[in-house]
Amino acid sequence: MRRYDGRVAVDDVSLSVAPGQVTCLLGPSGCGKSTTLRCIAGVEMQDAGEIWVDGQLVCDTVFRVPPERRHIGLMFQDFALFPHLSVQDNIRFGLSGDKGETARRVDELLERVGLMGFGPAFPHELSGGEQQRVALARALAPRPSIMLMDEPFSGLDNRLRDGIRDETLEILREQDTAVLLVTHEPEEAMRMADEIALMRKGRIVQRGAPYNIYNAPADREAMAFFSDINVIRGVSKGALTQTPFGQFLTPGYEDGQEMEIVIRPQHIKLDFDRAGQGPAPTIENGTAVSGVAERARFMGNESLVEFRMEHDGSLIRATVPGVFLPRAGTRMWLMIRRDKCFVFPVKG
Ligand SMILES: Nc1ncnc2c1ncn2[C@@H]1O[C@H](COP(=O)(O)OP(=O)(O)OP(=O)(O)O)[C@@H](O)[C@H]1O
Ligand SMILES: [Mg+2]
């Protein structure tokens with residue numbers, strides 16, 4: 001736990017990271033990700049709680065191993081290379097041992113990050129991406145057993161970023177490093193993580209493999225963090241919640257409990273209007289409800305169509321693979337894939 005002036009920034013975070021594994025700490029801005037990382041690194045001290053590395057206590061509220069003796073590699077967003085040192089001296093900075101040995105290690109790392117021949121150059125002569133790779137080499141040089149990375153790729157343009165991100169992961173996996181990576185981008189977490197720890201307001205709200213977090217979100221916010229969502233409301237009565245799209249089982253909730261049926265746009269099914277009639281109800285897709293297309297946009301791989309629902313004026317977003325651009329005013333029938341719905345109680 002970490003407080004600033006009595007305000008809790010990180011509360012009750014419990015995390016473990018295994019060798020050769022990438023854990024992503026994912027959450028919105030200000031939720032306490034960097035604070036968590038700084039406590040683990042030891043550049044900041046938590047107000048309660050313990051940090052262990054390789055079975056050894058490195059820090060509680062009394063005892064504290066200094067940051068440089070924790071064998072933790074750091075790579076932060078503002079990775080600041082030493083401007084007055086050459087690339088090779090930057091990488092050599094944290095290394096001990098004789099000159100020949102460290103020079104070999106530096107060469108090996110330069111090759112690994114694809115910067116052979118850049119050793120004598122100075123940071124200002126390098127592009128942003130090259131500097132980032134030097135920072136990575138510097139962090140890897142002492143072979144840390146743990147690597148903490150705080151939005152390390154955020155300064156790079158998209159194309160460069162994908163390449164460096166994948167290379168970085170490969171190197172870290174090869175060295176069997178335990179990686180804790182902070183990001184606020186769900187795509188980055190999905191792409192990199194073996195495990196995601198979803199953080200909100202200083203707490204971890206859910207953790208698991210990307211697949212599980214995406215397909216079994218803990219609550220509506222967790223679901224909305226990864227994609228657009230549609231919310232259909234109803235009230236539980238006799239363990240059932242009636243909606244225009246059909247009824248949903250809501251066992252365990254008291255009569256009168258407001259419920260939300262939440263579904264992603266790609267799981268809305270569309271059908272054409274046939275003289276004012278829609279398709280018949282099915283077990284998989286429930287009851288069809290009519291809506292009028294308001295806006296349709298082509299997004300590259302899919303089309304996004306927004307419907308104004310006729311029964312209550314609410315808006316529902318549906319994505320359809322490929323090009324599908326119904327004209328505004330087109331009436332269609334919407335169904336929801338019941339196996340892709342999540343039912344959450346409205347928090348009081
Ligand atoms: N040194 C500090 N003094 C006071 N408050 C701080 C300090 N550092 C962080 N905070 C507060 O603690 C909370 C968590 O901050 P933190 O930097 O950990 O967020 P974050 O999840 O890393 O966000 P971002 O994605 O924007 O980097 C924020 O409300 C922030 O304002
Ligand atoms: Mg941060």
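# Strands, core and ligand shell of a predicted two-domain model

Strand β3 (residues 22–26) and strand β9 (residues 195–200) pair in the parallel sense over four bridges. Helices (H or I, at least four residues) and strands (E, at least two) are DSSP runs, numbered from the N terminus. Two strands pair if DSSP finds at least two bridges between them. This is a predicted model, in which local features need pLDDT of at least 70, side-chain atom pairs count only at pLDDT 80 or more, and totals for chains, interfaces and linings use all residues. Residues are numbered from 1 along each chain as its sequence is written, while chains are lettered from A and ligands numbered from 1 in the order in which they are written.

## Strands and hairpins

L26 has L198 of β9 as its bridge partner. On β9 there is also an antiparallel pairing: five bridges join β9 to strand β10 (residues 203–208). Here A197 is bridged to R207 of β10. The β9 and β10 hairpin has two residues between the strands, and K201 takes a positive phi near 45°.

Another hairpin is made by β4 and β5, again with two residues between them. Strand β4 (residues 51–53) and strand β5 (residues 56–59) run antiparallel and are joined by three bridges. V53 has Q56 of β5 as its bridge partner. In the turn, D54 has a positive phi of about 50°.

Positive phi values also occur at the residues below.

| Residue | Phi | Place |
|---|---|---|
| G42 | about 95° | just after α1 |
| E151 | near 45° | loop between β7 (146–150) and α5 (158–174) |
| A239 | about 65° | loop between β11 (230–237) and β12 (240–243) |

Neither E151 nor A239 is a glycine. How exposed is E151? E151 counts as partly exposed because it has 19 C-beta neighbours inside 10 Å. The cut-offs are these: a residue is buried if 20 or more other C-beta atoms lie within 10 Å of its own, exposed if 12 or fewer, and partly exposed in between, with C-beta atoms placed from the backbone. A239 is partly exposed too, because 13 other C-beta atoms lie within 10 Å.

## Start of β3

Q21 lies in the loop between β2 (7–10) and β3. V22 is in strand β3 itself. Is Q21 buried or exposed? Q21 is partly exposed, because it has 17 other C-beta atoms within 10 Å. V22 is buried, because its count within 10 Å is 24 other C-beta atoms.

Contacts follow one rule: two C-beta atoms, placed from the backbone, lie within 7 Å. Residues up to four places away in sequence are left out of the lists for Q21 and V22. Q21 touches A178, V179, D194 and E195. V22 is in contact with L169, V179, L181, M192, A193 and D194. Q21 and A193 are 172 residues apart in sequence, yet 7.9 Å apart in space, C-alpha to C-alpha. V22 and R112 are 90 residues apart along the chain, and their C-alpha atoms are separated by 19 Å.

## Core and domains

V179 touches V17, Q21, V22, T23, M147, M149 and L172, not counting residues up to four places away in sequence. V179 also belongs to the largest nonpolar core, which has 71 residues. Such a core is a set of buried Ala, Val, Leu, Ile, Met, Phe, Trp, Tyr and Cys residues joined through C-beta atoms within 7 Å. C24, A137 and V179 touch the most other members. Helix α4 (residues 128–140) gives the largest share of this core, six residues. The core draws at least three residues from each of domain 1 (2–225) and domain 2 (228–345).

These domain bounds come from an automatic or database domain assignment. The C-alpha centres of the two domains lie 41 Å apart. Five residues from domain 1 and five residues from domain 2 make the contact. On the domain 1 side, three residues are nonpolar, none polar and two charged. Ala, Val, Leu, Ile, Met, Phe, Trp, Tyr, Cys and Pro count as nonpolar, Asp, Glu, Lys and Arg as charged, and the others, Gly among them, as polar.

## Ligand 1 and helix α1

Ligand 1 is surrounded by Y4, A9, G27, S29, G30, C31, G32, K33, S34, T35 and H184. Each has its C-beta atom, placed from the backbone, within 6 Å of the ligand. The shell divides into three nonpolar, seven polar and one charged. Helix α1 (residues 33–41) gives the most to this shell, with three residues. Seven of the nine residues of α1 are buried, namely K33, S34, T36, L37, R38, C39 and I40.
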